[in-house]
Amino acid sequence: MANSTSPLQSSRRLGQFGRAGTIGVTIEEVTGFGMVQCAAWGATLAQVGAAAAAAAGCETAPQPGQCHAGTGAFLLRVEPLKWWLVAAPGAEVPTPTVAPEEGAVLDLQDGRCWLRISGAQAETLLNHFLPLDLRPAAFPVGAVASTAFHHTGVTLWRTEEHFNLLIPRSSAQSLWELLSESARQYGLAET
């Protein structure tokens with residue numbers, strides 16, 4: 001599949017902004033990643049979950065609201081009957097083998113932008129926009145949430161180093177501007 005142009009290409013400026021001498025938030029756009037959705041019918045949840053886990057290189061499929069890091073991709077349980085497989089930049093997207101009577105697989109590669117948000121103030125910045133309790137006790141490493149950001153559906157998951165935000169391409173520029181403008185108060189690095 002051809003690599004698409006980033007919708008943030010005209011908005012992103014690499015460098016440090018805002019509060020001098022302090023970097024409280026780093027925002028990075030991840031490009032060149034792959035993404036597929038795997039959906040089950042109600043009676044085939046176990047079979048499709050196993051296929052998604054095998055494709056991602058995970059031992060098991062995650063429960064709703066969880067993410068597993070596999071050898072081939074992150075496997076996010078974004079809805080009760082749906083998983084997203086998100087492959088690292090440049091890696092081949094693992095595609096589960098699912099029979100039509102079991103479920104469906106859909107290529108989402110060009111539908112989302114992936115932002116990695118990190119730093120001492122990342123949680124505070126995201127709480128300006130997301131109606132979630134992002135404290136580690138409530139949203140630990142491996143947690144996933146489908147939520148709203150400025151009336152736009154987004155998906156957030158937490159790893160050891162980052163909050164990862166998947167946002168629709170059609171809203172990427174306006175949401176990026178909101179994040180980066182607000183992050184300047186903490187000291188922002190755009191990479």
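These notebook entries record what I looked up in a predicted model.

**Entry 1. Helix H3**

I began with helix H3, which covers residues 172-183 and has 12 residues. From the first C-alpha to the last, H3 reaches 16 Å, close to the 16 Å expected at 1.5 Å a residue. I then looked up which of its residues are buried, and found Ala172, Leu175, Trp176, Leu179, Ser180, Ser182 and Ala183. Seen down the axis of H3, these buried residues fall within an arc of 165°, so they line one face of the helix. I noted the general background: an α-helix has 3.6 residues a turn, so residues three or four places apart point the same way.

**Entry 2. Nonpolar cores**

Which elements supply the largest nonpolar core? I found that this core has 28 residues, and that Ile27, Ile117, Leu165 and Leu179 have the most contacts inside it. At least two residues each come from strand S2 (25-30), strand S8 (112-118), H2, strand S9 (144-149), S10, S11 and H3. The largest share, five residues, is that of H3.

I followed Leu165 further. Leaving out residues up to four places away in sequence, Leu165 touches Cys113, Trp114, Leu115, Ile117, Phe149, Val154, Thr155, Leu156 and Leu179. Apart from the largest core lies another, of 16 residues, among them Ala40, Ala73, Ala87 and Val93.

**Entry 3. Salt bridges**

I counted five salt bridges in the model. One of them joins Arg158 to Glu123, with the closest N and O atoms 3.7 Å apart. This pair links distant parts of the chain, since Arg158 is in strand S10 (residues 152-158) and Glu123 in helix H2 (residues 122-127), 35 residues apart. Are the two partners buried or partly exposed? Arg158 counts as buried because its relative accessibility is 13%, under the 20% limit. Glu123, at 22%, counts as partly exposed.

I recorded two further salt bridges. Arg135 meets Asp133 at 2.6 Å, N to O, and Asp133 is partly exposed at 34% relative accessibility. Glu181 pairs with Arg184, the closest N and O atoms being 3.6 Å apart. Arg184 is buried, with a relative accessible area of 19%.

**Entry 4. Aromatic pairs**

My search of the whole structure gave five aromatic pairs. Phe74 and Trp114 form one that is edge-to-face, with 6.4 Å from centre to centre and 85° between the planes. Phe74 lies in strand S5 (residues 74-79) and Trp114 in strand S8, so the pair ties together parts that are 40 residues apart in sequence. I checked the accessibility of each partner: Phe74 is partly exposed at 22%, whereas Trp114 is buried at 1%. Ring pairs also link Phe33, Phe74, Trp114 and Trp157 into a cluster.

**Entry 5. Two single residues**

Where is His162 placed? I located His162 in the loop between S10 and strand S11 (163-168). His162 is buried, with a relative accessible area of 19%. Beyond its neighbours within four places in sequence, His162 is in contact with Arg116, Ile117, Ser118 and Trp157. Of these partners, Ile117 was noted above among the residues with the most contacts inside the largest core, and Trp157 belongs to the ring cluster.

I closed with Thr147, which is found in strand S9. Thr147 is buried, with a relative accessible area of 13%. Not counting residues up to four places away in sequence, Thr147 touches Leu130, Pro131, Leu132, Thr152, Gly153 and Val154. Val154 also appeared among the contacts of Leu165.

Conventions:
Residues are numbered from 1 along each chain as its sequence is written. This is a predicted model: local features need pLDDT of at least 70, side-chain atom pairs count only at pLDDT 80 or more; totals for chains, interfaces and linings use all residues. Side-chain values use heavy atoms; hydrogens and water are left out. Helices (H or I, at least four residues) and strands (E, at least two) are DSSP runs, numbered from the N terminus. The expected span of a helix is 1.5 Å times one less than its number of residues. Buried means under 20% relative accessible area, exposed over 50%, partly exposed in between (1.4 Å probe, protein chains only). The arc is that of the directions from the helix axis to the C-beta atoms. A salt bridge is a side-chain nitrogen of Lys or Arg within 4 Å of a carboxyl oxygen of Asp or Glu. Contact means heavy atoms within 4.5 Å. A nonpolar core is a set of buried Ala, Val, Leu, Ile, Met, Phe, Trp, Tyr and Cys residues joined through side-chain atoms within 4.5 Å. Rings of Phe, Tyr and Trp (its six-membered ring) pair if their centres lie within 6.5 Å; planes under 30 degrees apart count as stacked, over 60 as edge-to-face and the rest as tilted.
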